[in-house]
Amino acid sequence: MSRLRIQLRKRIYLGCEGQSEQSYGARLGQIADAAGLHLYFDSDVLQPGGGDPLALVQLAIRRIREKEARRGVFAFRAILLDCDKVGAKPERDAQIRQLSSRNRLHLIWQEPCHEAFLLRHLEGQQTARPITSDLAEQALKGVWAEYQKAMPAVRLAIRIDLHAVRRASSVEAALAAFLDQIGLTPNL
């Protein structure tokens, strides 16, 4: 009798400000599956966080500890953060860097927000740098009229594929480093 061997998936923690980022994490999981990687993305919506980056990092660290106590350690830990509130309180920004470093939490800053981050995934938009969240949403809808916040991963798949992730990672160093760490390198 032969034994069936099941390859365990590496668990990846991805802290998310909201449902849009959670869908993006789910989409990355689909892309990883298609690439033959055995990854499980725990895309964790960090609510209530109120958009405060330090509060989100603190909540992510608590959630990681709870989840690891129940199911074992994560192979890698990251968090998607909007940077539209960074710089207002430098002492809090410094705490973010210290906490994330101490807890091996990789920061993926979305400048200024998730919609701008997604925009840079689209062909010809890699260098787009809208300066406000409103302008980012307008720019994204200008090239992707069907886009809506909190779009499920299956609808993100219409425009976000491995090529799109490669495009974004060519201008988003933190995303490129994250992809490299989890084995979903831009040069697959």
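The following paragraphs describe the fold, the central sheet and the salt bridges of a predicted model.

The chain contains eight helices and four strands. Followed along the sequence, these elements appear in the pattern β-α-β-α-β-α-β-α-α-α-α-α. With a radius of gyration of 17 Å, close to the 16 Å that the globule rule gives for 188 residues, the chain is as compact as a globular protein of that length. The C-alpha trace spans about 60 × 40 × 25 Å along its principal axes. Of the 188 residues, 46% are buried. Among contacts with a separation of 6 or more, 70% are between residues 24 or more positions apart. The exposed surface of the chain comes to about 10000 Å², and carbon and sulfur atoms supply 50% of that area.

We turn next to the sheet. In general, the strands of a sheet pair through backbone hydrogen bonds, either parallel or antiparallel. Here the four strands make an open sheet with the order β2-β1-β3-β4, and the pairing is parallel. Its edges are formed by β2 (39-45) and β4 (106-110), each of which pairs on one side only. On average, neighbouring strands of the sheet are turned by 20° against each other, direction ignored. Seven bridges connect β1 (residues 10-16) with β2 in the parallel sense. Within this pair of strands, Leu-14 has Ser-43 of β2 as its bridge partner. Helix α1 (residues 19-34) lies across β1, β2, β3 (76-82) and β4, and runs at about 175° to β2.

A residue in one of the loops also deserves a look. Asn-103 sits in the loop between α3 (90-102) and β4. The relative accessible area of Asn-103 is 11%, so this residue counts as buried, the limit being under 20%. Beyond its neighbours within four places in sequence, Asn-103 is in contact with Ile-61, Arg-65 and Arg-77.

The charged side chains complete the picture. As a general point, side chains of opposite charge can pair when their charged atoms come close. The structure holds ten salt bridges. One of them joins Arg-9 to Asp-33, with the closest N and O atoms 2.7 Å apart. This pair links distant parts of the chain, since Arg-9 belongs to the segment before β1 and Asp-33 to helix α1, 24 residues apart. Both partners are partly exposed: the relative accessible area is 42% for Arg-9 and 39% for Asp-33.

Another salt bridge brings together the side chains of Asp-52 and Arg-92, at 2.4 Å from N to O. Asp-52 is in the loop between β2 and α2 (53-71) and Arg-92 is in helix α3, so the pair ties together parts that are 40 residues apart in sequence. Asp-52 is partly exposed, at 24% relative accessible area, and Arg-92 is also partly exposed, at 27%.

A salt bridge within a helix is found in α5 (residues 133-143), where Lys-141 and Glu-137 lie four residues apart, about one turn of the helix. Their side chains meet at 3.5 Å, N to O. Lys-141 is partly exposed, with a relative accessible area of 37%, and Glu-137 is partly exposed as well, with 22%. Elsewhere, salt bridges that share partners connect Glu-111, Arg-120, Arg-129 and Glu-172 in one network.

Note on methods: Residues are numbered from 1 along each chain as its sequence is written. This is a predicted model: local features need pLDDT of at least 70, side-chain atom pairs count only at pLDDT 80 or more; totals for chains, interfaces and linings use all residues. Side-chain values use heavy atoms; hydrogens and water are left out. Two strands pair if DSSP finds at least two bridges between them. Helices (H or I, at least four residues) and strands (E, at least two) are DSSP runs, numbered from the N terminus. Axes are lines fitted to C-alpha atoms, for helices over the stretch in contact, and angles run from 0 to 180 degrees between N-to-C directions. Contact means heavy atoms within 4.5 Å. The radius of gyration is taken over C-alpha atoms; the globule rule is 2.2 Å times the number of residues to the power 0.38. Buried means under 20% relative accessible area, exposed over 50%, partly exposed in between (1.4 Å probe, protein chains only). Accessible areas come from the Shrake-Rupley method with a 1.4 Å probe; for residues, only the protein chains shown count as cover. A salt bridge is a side-chain nitrogen of Lys or Arg within 4 Å of a carboxyl oxygen of Asp or Glu.
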